[in-house]
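Morning, everyone. I have one structure to go through today, and I will keep to its ligand sites. Please have a look at it first.

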Amino acid sequence: MLAGLGGQGVILAGALLGQAAVASGLYAAGASSYGAQARGSLSRAELIIAMEPIDYPRVEAPDLLVAMCQEAHDAHAGLLAPGGRLLWDDGLVRPAPGGAGLGLPVALTARQELGAPLAANVLWVGVVAGVTNWWQTAALEEALAGALPARHLEVNRRALGRGLEMGRQARPEA
Amino acid sequence: MPSHLSQPALAPGAHYLSGNEAAAEGALAAGCGFYAGYPITPSSEIMERLAARLPQHGGVFLQMEDEIASLSAVIGAAWAGKKALTATSGPGLSLMQECLGYAAFTETPCVLIDVQRAGPCTGQATKVGAGDIMAAKWGSHGDYQVVALSPWSAQEMFDLTVRAFNWAERLRLPAILLAEEAVGHLRERVDIPQSVDTYQRGYTPGAPPFGHPEPGGVPSMPRFGQGEALMITGSTHDERGFRRTEDPAAHAALVHRLNHKVLARAGELCQTEGHFLEDASLVVLAYGFTARAALKAVKLARRQGVKAGLLRLVTLWPFPEEAVAQALARGARLLVPEMNLGQVAGLARQVVGPGLVRPLSQVDGRHITPATILGALLEMAP
Amino acid sequence: MTRALDQYLRTEVKATPFCPGCGHGVLLGLILRAIEGAGLDPRQMLFVSGIGCAAWIPSPNFRADTLHTLHGRALAFATGAKAANPGLKVMVVSGDGDLSSIGGNHLIHAARRGLEMTVVCANNQIYGMTGGQAAPTTPLGAATATTPAGNPFRPFDLCRLVRAAGAAYVARGAVTRPYELMDYIAQGLQRPGFSFIEALSPCPTQAGRRQGLDSPAALYDDLSRRCLARRELAGDAELPPGAWELGSWCGDDN
Ligand SMILES: Cc1ncc(C[n+]2csc(CCOP(=O)(O)OP(=O)(O)O)c2C)c(N)n1
Ligand SMILES: [Mg+2]
């Protein structure tokens, strides 16, 4: 489950992950919810991926939760499945004291390293894929190319690559 | 041969599509050549995709001034020879009702997709509901029949749209895909087949367009411009189309014939799916998105030793009475979770009597979760 | 002359349903003659109508494809048929109430969209079929079944309305001037785009009766006196109250 504010690209991130999962031969089911305004209200993309057809397609207790802002963290952290993993943007979210999980400087990296703050969502896509190792990189790149206009593609490819790196480093076994 | 294998417009294989996108692709695969509609949440993605896709495939797309005009244009296009579609949500369905009766009475093949939201009225435009079950069947005045199907996945938004077109064309009637927001906006893997079975209209030059020698027979379907001098009217008519507005026997015969045409095929039309029914003492009767939650609840209940099963209604109209009766033949009881105040539960009660049916209604704009259904099953368990 | 139209009529239909003195029967013949005059064969056309006495002009009388639809919806049905098969030559024939009240929204949108079709609006200034209730075309002050004390509201000027909505060709004629009216209909049929012909057609039974014009002759006489072509008016003179300006307007005069 990915959660953030409208305008942070949460829904697109979920769609890219779902698209890439299906392109890799997996089953995927995604749903998104957002407030009435296009910007500024809480927005959430849920995604299930599985090896076989999915009975119930909605996420009840996520195994992985990405909180892209404080409000999203506060609203969703409690849903996490036992043993589930919580990731947050450590420049934007102050986790609950003692809360398990990992903060990553995603927005900062997008802004400073890539010069593209709006690519933070794609960076998160890379992080999720890197942490879980469930996605094929080629499928993610293809999904990216299918979803974005050519002029934004280059920087987002770099964001994806950078996210994959950050994710792999954060893998529990790493 | 009216049945025909057609190639879908989208490449065969796995795609990640929303239910609404899948429905648009299903329409193209079924041979839809005309769409007219008016934007409304949560159905608009169907219209938007077809605005781009239909012209690429030789079809015609029109945005009309309202939903009345939309179904009117669809009917006009159907008689001009196209397989025609409109999509809407509750408020639009309400506006389309007079035209829906017209399509049924003039035996016009057409498909209407209703992506249901939380009603009545404008209600919660972006939230889910399933309150249009009765409106789909009884919303227009008089006695008529429609075929209505209830998809539970993005895959079925594709498959059942194709099937709706086939029933519409084969039986010459309005077929309705009673979808729900939760399925229309759900993104899922959709496997596009190599080919789909599609039905092509039967036309016999000179045959009466509104009558058939056999009871329940479907008349020949001509189109404009064939020199048939068609007389199409929503007034009572004879087999040629002449108005018979003063003739009691003509009216009764027409109303009976149109109803019989559908009800005589109930066996083939009524499609259901059983899960764990063999030994079930508690049967969840569900349809659409709710059936997904019900399937999970049934599996969870079984893990707790409760003999639960699921009877999923794929067809809602005509109502699958026989399957419901059979599910209870072994003395089971029914739980009917639905996102309305008991519209299908009421139908089930008519079939099996009031004592055996427990409605589980939720009308708060949210879908019913497996936990809610499981809770009710555990309460009912002996 | 009368027999000449038989080939275009369903001769199995023994009589039209129109009352003695109703202008719609005259209009029926004028439409067929106008189509012939435009070099077209009505048997190869599609006629779409709504609900009302006027909607029965083509249905079932014309030996052609006839689509008798719902009250007000003729233009929306016709739009679907025409868009689906642009090769169809489409004419819509319906009443003033049908086209401008319940179907008023479809009228302005069809004119705006500009799909090619010719609309003949049989304007009797009343709801004829349902017993003489007020229409949006009923004159100010006129007594009807629903305005016993006189219509308190102004009527539409349908030609101005449809011109403003973007029609390619708009005309107003009257069954009391049959040759002009036939010419307008033929012009409309030859025009690409959306054409609209308002045909004034008196209703003795439902309108005349309540308005002190109780014989068809008196009603025709009254309509004749009210109809004025622009060329019959001195200079830019204002139209006298209660008069109808006959004439035609092309899209580019708008
Ligand atoms: C939805 C609906 N509302 C009302 C009616 C009743 N109705 C039938 S014809 C008509 C008026 C027709 O008037 P007009 O179009 O002017 O035709 P006329 O009979 O005057 O030629 C009405 C109100 C109807 N058939 N359908
Ligand atoms: Mg009238």
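This is a predicted model. I start with ligand 1, which has 18 residues around it; C:Cys53, C:Asp96, C:Gly97, C:Asp98 and C:Gly128 come nearest. The surrounding residues come from chains B and C, so the site is shared between chains. Helix H3 of chain C, residues 96–102, gives the largest share of this shell, with 4 residues. By class, the shell holds 7 nonpolar, 8 polar and 3 charged residues.

Next, the contacts to oxygen atoms of ligand 1. C:Asp98 places a backbone N or O atom 2.7 Å from an oxygen atom of the ligand. For C:Ile126, a polar backbone atom is 3.0 Å from a ligand oxygen. C:His24 uses its side chain instead: a polar atom there lies 3.0 Å from an oxygen of ligand 1. On its own, ligand 1 exposes 590 Å², and the protein buries 77% of that.

Now the metal. Which protein donors does the magnesium ion, ligand 2, have? They are C:Asp96 through OD, C:Asn124 through OD1 and C:Ile126 through O, at 2.0 to 2.2 Å from the ion. Along the chain, these donors follow the spacing D-x27-N-x1-I. C:Asp96 and C:Asn124 link distant parts of the chain, 28 residues apart: C:Asp96 is in helix H3 of chain C, and C:Asn124 is in the loop between strand S4 (117–123) and helix H5 (158–164) of that chain.

Are these two donors buried or exposed? C:Asp96 is buried, at 2% relative accessible area. C:Asn124 is buried too, at 8%.

Key:
Residues numbered from 1 in each chain as written. Chains lettered and ligands numbered in written order. Predicted model: local features only at pLDDT ≥ 70, side-chain atom pairs only at ≥ 80, totals over all residues. Heavy atoms only, no water. Near = heavy atom within 4 Å. Polar contact = N/O pair within 3.5 Å; in protein donor to acceptor, adjacent residues only side chain to side chain. Areas by Shrake-Rupley, 256 points an atom, 1.4 Å probe, with all protein chains shown as cover. Helix = DSSP H or I, 4+ residues; strand = E, 2+ residues; numbered from the N terminus. Nonpolar A, V, L, I, M, F, W, Y, C, P; charged D, E, K, R; others polar. Donors = N, O, S within 2.8 Å, 3.2 Å for Na, K, Ca; no water. Buried < 20%, exposed > 50% of the residue type's maximum accessible area, 1.4 Å probe, protein only.
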